[in-house]
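Reader: I'd like to go through the backbone oddities in this one. Can you show me the model?

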Amino acid sequence: MFDNPIAVRGAPGSPYTRKMLAVLRYRRIPYRFLVGLWTKGEIDSLPAPKVDLLPTFYFETDDGGVEAVVDSTPIIRRLEADMLGRSVIPRDPALKFIDYLLEDYADEWLTKAMFHYRWQYGADIELAGEILPRWRDLTASAEEIAPRAKFVRDRQIARLYVVGSNDVTLPVIEASYKRLIGLLDAHIGNGPFLFGGRPSAADFGLYGQLTQLATFDPTPSRLTADAAPRVVAWVQTVDDLSGLDPTDDDWIGRDEVPDTLNALLAEAGKTYVPVLLANAKAVDAGADRVVAEVDGEAWVQQPFPYQAKCLQWVRQEYGRLDPADRRAVDGILNGTGCDALF
């Protein structure tokens, strides 16, 4: 239990911020959201994280100090250890691993679509440039916002290479997103969450990216509303699940994994897995580009060292499974393409 609300620095346009705020609401953990110029003084007085990412959580330490922490996946696990009840981690060790894998897919693959759509198309670029700078300064005039908007647009468009968005990968990213929303739309009818009647960390990972793709950026939000309206409604619902009262029986069993969840795993196996493996190979070799094949299409991007660590962490989680649980995971992943990770 926390003595005081957790201070969280973030932004409405950050999918990882939205992911974590929804986790806090669902788990009924008190927090204070630091956004806007009126929080600048407090933010400046707090310790800086080792890597300046959003969201930043400021945890109180045993000696009365404050620790700045980033990276949503380990923060979720830390919150699980610090506060019992309303867990977002499945009890079953096999499903716990599948949840970890799908959370990683959402955080590291679906974010490619989020960044791509926002900074690839004119209407999306225009809207993001106008809105993003205003979150920190609601009273700024149009004249004051104009240079900030240009700065944001120029900087982010120049960073498309980081997620691998380019002329070669454009059709791969967009086809993957269109399949994903169709598959998720179908699965919600069996859930409404990935592992039954209560949300998991992977649900919140998908939700975070979809807060932008399905409800903010014009091109993908229009696409999502037309092709998968249930996904839009799901995102709006997952935003605040504080009124949901889950029970342990709301988790599915390892022998009850529906075909619709297997289809989502197969989508991850068809897209994220080959890029993850090729990226790790390129990083290990010191190569200057990643070359892979995704669903029969070419994929080329610069190496991304962080995602090489993601592969290590996924394999570590797999290695921690006892033999029986590992066999169960192997059975679930069989034929999805995700088994190539191991």
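**Backbone oddities**

Author: Sure. Keep in mind that this is a predicted model.

Reader: Asp71 first. Where does Asp71 lie?

Author: In the loop between strand E4 (66-69) and helix H3 (72-82).

Reader: And what is the phi of Asp71?

Author: About 90°. That is positive, although Asp71 is not a glycine.

Reader: Why flag that?

Author: Most residues other than glycine have a negative phi.

Reader: Is Asp71 buried or exposed?

Author: Neither label fits. Asp71 is partly exposed, because its relative accessible area is 24% and buried means under 20% while exposed means over 50%.

Reader: What about Arg86? What is its phi?

Author: Near 55°. Arg86 is a residue other than glycine, and the value is positive.

Reader: Which loop holds Arg86?

Author: The one between H3 and helix H4 (93-120).

Reader: Why does Arg86 count as buried?

Author: Its relative accessibility is 15%. The cut-off for buried is under 20%, so Arg86 counts as buried.

Reader: Switching to peptide bonds. Which residues does a cis bond join, with omega about 0°?

Author: Leu54 and Pro55. Pro55 sits in the loop between helix H2 (40-45) and strand E3 (56-60).

Reader: And which residues are joined by a cis bond with omega about 15°?

Author: Gly191 and Pro192.

Reader: Where is Pro192 found?

Author: In a loop too, between helix H8 (170-188) and helix H9 (201-213).

Reader: Why do cis bonds get a mention?

Author: Because most peptide bonds are trans.

Note on methods: Residues are numbered from 1 along each chain as its sequence is written. This is a predicted model: local features need pLDDT of at least 70, side-chain atom pairs count only at pLDDT 80 or more; totals for chains, interfaces and linings use all residues. Side-chain values use heavy atoms; hydrogens and water are left out. Helices (H or I, at least four residues) and strands (E, at least two) are DSSP runs, numbered from the N terminus. Buried means under 20% relative accessible area, exposed over 50%, partly exposed in between (1.4 Å probe, protein chains only).
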